[in-house]
Amino acid sequence: MSLVARHLEAGGIATVVVGSARDIVEECGVARFVFTDFPLGNPCGRPGDAGMQRSILGTALDLLERAWMPRTTIQTPYQWPSDEWRDGFMKVDDSNRETLARAGRERRDLQAKMKK
């Protein structure tokens, strides 16, 4: 998404990226970034929390209008209900190694079938 945003910006279309992978998005050098410190896949807030989601979208629209310099990052004030998700983030050990390997094989098999 970050590289698409950069391409659109180069074409004169203003963008805002809303995401949770701060290191990756900032390394890509997007013009405007709203960072939410949430589990990946939840950049706009908790599922079902329409108020939080509207607020994060409002933050993104405000940033689009008011960014004061290139490569501007804003962090939302919200917190995920618990930090338990961090314990398993990017975790690979004997407890999940085979499950992850199987999921990878299944994904590669599906991709191969889709190419045919």
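This text walks through the sheet of a predicted model, the helix packed on that sheet, and the salt bridges.

The sheet is open and has three strands, ordered β1-β2-β3 and paired in parallel. At its edges lie β1 (17–19) and β3 (72–75), each of which pairs on one side only. Neighbouring strands of the sheet are turned by 20° against each other on average, direction ignored. Strand β2 covers residues 32–35 and is joined to β1 by three bridges. Within this pair of strands, V18 stands opposite V34 in β2. Helix α3, residues 50–66, packs on the sheet and touches β1, β2 and β3. The direction of α3 makes about 160° with that of β2.

Seven salt bridges are found in the structure. One of them links E9 with R32, with the closest N and O atoms 2.5 Å apart. E9 belongs to helix α1 (residues 2–10) and R32 to strand β2, so this salt bridge ties together parts that are 23 residues apart in sequence. E9 is partly exposed at 23% relative accessibility. R32, with a relative accessible area of 14%, is buried because the cut-off for that class is under 20%.

Another salt bridge lies within a helix. R22 and E26 meet through their side chains at 3.1 Å, N to O. Both residues are in helix α2 (residues 22–28), and because they are four residues apart there, about one helical turn separates them. R22 is partly exposed, at 30% relative accessibility, and E26 is also partly exposed, at 30%.

R46 and D49 form a further salt bridge, 2.7 Å from N to O. R46 has a relative accessible area of 25% and is partly exposed. Finally, E98, R102 and R105 are joined into one network by salt bridges that share partners.

How values were computed:
Residues are numbered from 1 along each chain as its sequence is written. This is a predicted model: local features need pLDDT of at least 70, side-chain atom pairs count only at pLDDT 80 or more; totals for chains, interfaces and linings use all residues. Side-chain values use heavy atoms; hydrogens and water are left out. Two strands pair if DSSP finds at least two bridges between them. Helices (H or I, at least four residues) and strands (E, at least two) are DSSP runs, numbered from the N terminus. Axes are lines fitted to C-alpha atoms, for helices over the stretch in contact, and angles run from 0 to 180 degrees between N-to-C directions. Contact means heavy atoms within 4.5 Å. A salt bridge is a side-chain nitrogen of Lys or Arg within 4 Å of a carboxyl oxygen of Asp or Glu. Buried means under 20% relative accessible area, exposed over 50%, partly exposed in between (1.4 Å probe, protein chains only).
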